[in-house]
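Colleague: I am new to this structure. Please walk me through the terms and how each one is decided.

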Amino acid sequence: MGYAEVSVYSPVAQRRTFSYAIPPGLSIDVGQAVWVPFGDKLLQGIVLELTHFPSVEETREIAGIIEPYPVLSPAHIALARWLSQHYLSPLFDAVALMLPPGFERKVITFITTPPTSSEQDMPSLTQRQRKVLDLVRRQGKVNLRQLDKALGTRQVRLVISQLIGHGLLTKSYELEKVKVKPKKVSYLCLAITASEAQQEAAKLPSKQASLVNFLSHLTQPVSPSEARKRVNCSASVVKAVISKGLAELQQVEVKREPISYQSITPSYPLTLTSAQKKACESIKSGLLQVAKSYAPSAVFLLHGVTGSGKTEVYLQTLAEAVKLGKRSIVLVPEIALTPQTIERFASRFPHKVAVLHSKLSLGEQFDEWQRIRNGEFDVVIGSRSAIFAPQPDLGLIIIDEEHEWTYKQHDKSPRYHTRDVAIKLAELTGAVVILGSATPDVETFYHAQRGGYHLLQLPERVTPREGSPLPQVEVVDLRDELKAGNRSLFSRSLSQSITKAVANREQVILFLNRRGGASFIQCRNCGFILRCKRCDVTLTYHIAEGVLVCHQCNYRMPVPNTCPRCLSRRIKFLGIGTQKLEQETSYAFSSARLLRWDSDITRQKHSHQEILNKFRAHNADILIGTQMIAKGLDLPLVTLVGIVSADTGLNLPDFRAGERTFQLLSQVAGRAGRGTLGGKVIIQTYSPKHYAIQAAARNDYNSFYNQEIAFRRQLHNPPFTRLACLVYSHTNDVLCQKEAERMKRLLIEEINSRGIDDLSLIGPAPAFIHKLRGRFRWQLILRGSEPSALLSQIPIPHGWTVDIDPVGLT
Ligand code: ADP
Ligand code: ZN
Ligand code: ZN
């Protein structure tokens with residue numbers, strides 16, 4: 001008898017598999033979806049391994065097969081195991097990432113009366129028991145949930161178990177309905193031959209006759225409603241023709257296709273610039289080496305300034321992978337997954353591109369998933385989760401804008417980083433990875449410098465005008481503005497430039513970094529910002545309590561009345577929001593037409609596109625926006641980008657604040673001067689000497705990197721260490737803090753008793769988002785060379801979440 005190790009869809013299964021016996025006559029494969037008994041339930045599971053011996057003495061049998069064919073490949077199984085170990089996540093959470101959309105189903109419990117029970121042998125029952133029994137007898141079979149509702153009492157479970165004890169009721173299990181099925185439509189067609197139809201038509205009333213005639217001349221199937229429209233008849237006419245046996249409805253399966261190719265014309269490879277050519281050649285030889293198994297896998301970092309033609313490199317290397325008989329996955333940040341982006345790929349590989357992202361309907365996702373698995377596409381393009389697409393013969397994985405923090409899944413388990421998953425998957429499948437960015441993640445660049453990744457560079461823009469430079473950048477010191485008596489949000493320089501651009505009928509973007517806005521305090525006179533002396537991160541202002549808090553070590557201090565550096569009383573200056581900026585802009589530039597773009601405005605599905613189209617069509621002169629406008633927009637009429645305050649991002653209590661600011665400023669600056677008109681960027685700041693701002697202004701990644709990596713080394717931050725962030729949440733703030741302190745003591749004991757000397761603990765402190773959905777949150781940070789090695793050996797109590805390699809503030 002054989003055994004299977006099964007990953008079970010249950011919250012208590014955690015990071016392990018369970019042994020089940022394979023009953024005689026059932027043929028089971030690795031990767032197959034099965035039903036297994038678990039406690040008193042029947043649950044879904046995936047077979048991860050077949051063995052000759054069970055890992056426990058007592059095993060139960062697999063109850064049945066859900067799908068005849070394996071749903072996971074061996075590479076995906078290995079990837080799921082790695083995800084669970086590396087990110088300390090429940091195994092099934094990792095497995096679930098790779099299952100067909102809509103796969104997970106609950107088991108529904110039903111209560112029935114056993115066939116043998118009768119009125120006579122009923123013992124004396126309480127009123128409650130009788131009520132439940134009557135209800136079940138009347139209906140025959142009742143969903144347990146409904147019973148709970150119908151009786152509105154918590155006792156119902158107790159009563160039922162009593163009745164089951166008496167042998168008067170039994171439990172049975174069924175599965176929730178499948179959430180998605182292939183979409184079917186019905187077509188109306190003749191049930192007889194066309195010549196028979198012609199004869200029959202003569203005997204029919206005129207409407208029915210014309211419908212039959214219409215159907216007998218069809219070359220393509222039509223839906224009943226289409227047929228009615230074309231013949232101009234009512235539903236009863238269709239019914240009559242069907243009931244006379246002249247026509248019938250046929251169910252045909254149709255695919256839900258997210259790409260509409262009607263408006264897409266094929267595109268052809270461009271003649272590459274010499275830098276592009278060099279990059280393509282390197283990647284192509286990497287593909288060939290991996291395809292011939294001379295190398296297990298390879299990672300390339302394509303570092304190219306915005307507009308340097310990275311996409312063309314992607315397209316031509318994708319074509320090379322196709323030539324080698326390989327398929328690919330292309331990942332872009334969710335926000336960049338616009339119809340234009342998809343079109344660039346779809347036009348080069350017509351009908352060979354699949355799209356996967358969370359905004360597709362479940363049905364669309366299901367269809368795309370099935371077709372991908374059948375090997376119908378050369379390229380799958382999507383956001384984060386598309387890395388788990390069942391693309392066979394995987395040869396190339398491209399991650400565009402690899403530095404984007406949205407590639408990290410931070411809100412649910414497994415808290416994975418797509419880049420690390422892609423690199424692991426490439427190792428498992430023998431594929432090549434391209435990481436593309438204008439501002440690579442410092443950690444990625446570090447690996448490229450050290451030779452782990454191959455570094456490829458595209459230092460110049462491919463522009464309409466030969467040799468057109470990147471936009472000119474001016475840094476304005478806001479302290480000087482105040483000294484000159486200018487208290488508005490616009491420096492004199494920005495104000496003049498806006499007026500000039502609008503007068504020339506050009507367009508302006510005003511950018512506001514709103515993330516974490518208004519949460520720190522700055523002296524408006526000298527730009528001084530209060531920092532934690534121990535942690536060197538910005539203190540966060542808690543308005544309700546009127547205190548400044550360090551979100552790493554919980555140091556607290558009252559807000560001072562005067563600036564500790566220059567003694568000015570203008571210390572309580574807070575950031576501004578987009579609405580306020582819009583107001584002030586309309587006031588200062590009354591003749592300009594404004595458009596605001598932020599997350600408040602774009603809650604609906606299409607409005608990103610609508611706002612963008614409106615701006616592109618020059619229906620507005622000034623676009624005011626947040627992070628969103630920084631991404632991949634090509635707006636030729638924009639000649640001026642104003643960064644209203646560069647300091648907001650700089651002062652987040654996060655060691656990556658400098659990196660984020662550099663990335664963001666570089667990207668926003670990249671929006672200017674995309675057309676033939678050239679462009680200018682104005683950065684307003686109280687810290688004009690800050691290295692991130694200086695480097696962004698000079699578009700100098702290397703000098704930014706050198707400074708940043710030096711700080712990382714000095715302060716023992718990644719990539720020189722690794723972090724694990726532990727967050728505890730509870731409705732009671734005091735209990736929450738206590739539990740965090742208890743956990744800290746426990747961890748210190750473990751560290752000491754194991755003699756680990758390179759792990760340190762930071763905190764506990766309130767998490768940056770201290771209260772979320774009614775629960776308080778406290779965090780502990782574990783820092784060292786392998787924090788997960790320790791954590792994987794300690795049971796993590798309920799209420800805690802662990803984020804390995806966190807990338808932002810939580
Ligand atoms: P990136 O992705 O690096 O920001 P893009 O791929 O968007 O840059 O390229 C910028 C522009 O240059 C696009 O309009 C693209 O069509 C064009 N382009 C790229 N490569 C070439 C080339 N070799 N010859 C002509 N135009 C090119
Ligand atoms: Zn000051
Ligand atoms: Zn501190």
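Modeller: Start with burial. Buried means under 20% relative accessible area, exposed means over 50%, and partly exposed is in between (1.4 Å probe, protein chains only). The model is predicted: local features need pLDDT of at least 70, side-chain atom pairs count only at pLDDT 80 or more, and totals for chains, interfaces and linings use all residues. Residues are numbered from 1 along each chain as its sequence is written, chains are lettered from A and ligands numbered from 1 in the order in which they are written, and side-chain values use heavy atoms, with hydrogens and water left out.

Colleague: Why is Glu320 called buried?

Modeller: Its relative accessible area is 14%. The limit for buried is under 20%. So Glu320 counts as buried.

Colleague: Where is Glu320, and what is it in contact with?

Modeller: Glu320 is found in helix α11. Helices (H or I, at least four residues) and strands (E, at least two) are DSSP runs, numbered from the N terminus. Contact means heavy atoms within 4.5 Å. Leaving aside neighbours within four places in sequence, Glu320 is in contact with Lys284 and Leu287.

Colleague: What does helix α11 give to the shell around ligand 1?

Modeller: Helix α11 (residues 310–323) supplies three residues, the largest share of that shell. A residue is near the ligand if one of its heavy atoms lies within 4 Å of it. By that rule 15 residues surround ligand 1, and Thr271, Gln276, Gly307, Gly309 and Lys310 are the closest.

Colleague: How do the shell residues divide by kind?

Modeller: Four are nonpolar, eight polar and three charged. Nonpolar covers Ala, Val, Leu, Ile, Met, Phe, Trp, Tyr, Cys and Pro; charged covers Asp, Glu, Lys and Arg; the others, Gly among them, are polar.

Colleague: What makes the pairing of Gln276 with ligand 1 a polar contact?

Modeller: A polar contact is a pair of N or O atoms within 3.5 Å; within protein, one must be able to donate a hydrogen and the other to accept it, and residues adjacent in sequence count only if both atoms are side-chain atoms. A side-chain N or O atom of Gln276 is 2.8 Å from a nitrogen atom of ligand 1. A backbone N or O atom of Thr271 also lies 2.8 Å from a nitrogen atom of ligand 1. For Gly309, a polar backbone atom is 3.0 Å from an oxygen atom of the ligand. The protein buries 72% of the 560 Å² that ligand 1 exposes when taken alone.

Colleague: How many disulfides are there?

Modeller: Zero. A disulfide is a pair of cysteine sulfur atoms within 2.5 Å. The nearest cysteine sulfur to Cys233 is that of Cys189, 15 Å away, and Cys233 is in no disulfide. Cys233 has 10% relative accessibility, so it counts as buried. Cys523 is buried too, at 0%.

Colleague: Why does His351 count as exposed, and why does His618 count as buried?

Modeller: His351 has 54% relative accessibility, so it is exposed. His618 has 12%, so it is buried. Each has a positive phi: near 60° for His351, about 60° for His618. Most residues other than glycine have a negative phi, and most peptide bonds are trans. His351 sits in the loop between α12 (339–346) and β14 (353–356). His618 lies in the loop between α19 (607–616) and β25 (622–625).

Colleague: Which omega goes with the cis bond from Pro718 to Pro719?

Modeller: Omega is near 10° there. Pro719 is in the loop between α23 (701–714) and β28 (722–730). The bond from Gly763 to Pro764 is also cis, with omega near 5°. Pro764 lies in strand β29 (residues 760–772).

How values were computed: Accessible areas come from the Shrake-Rupley method with a 1.4 Å probe; for residues, only the protein chains shown count as cover.
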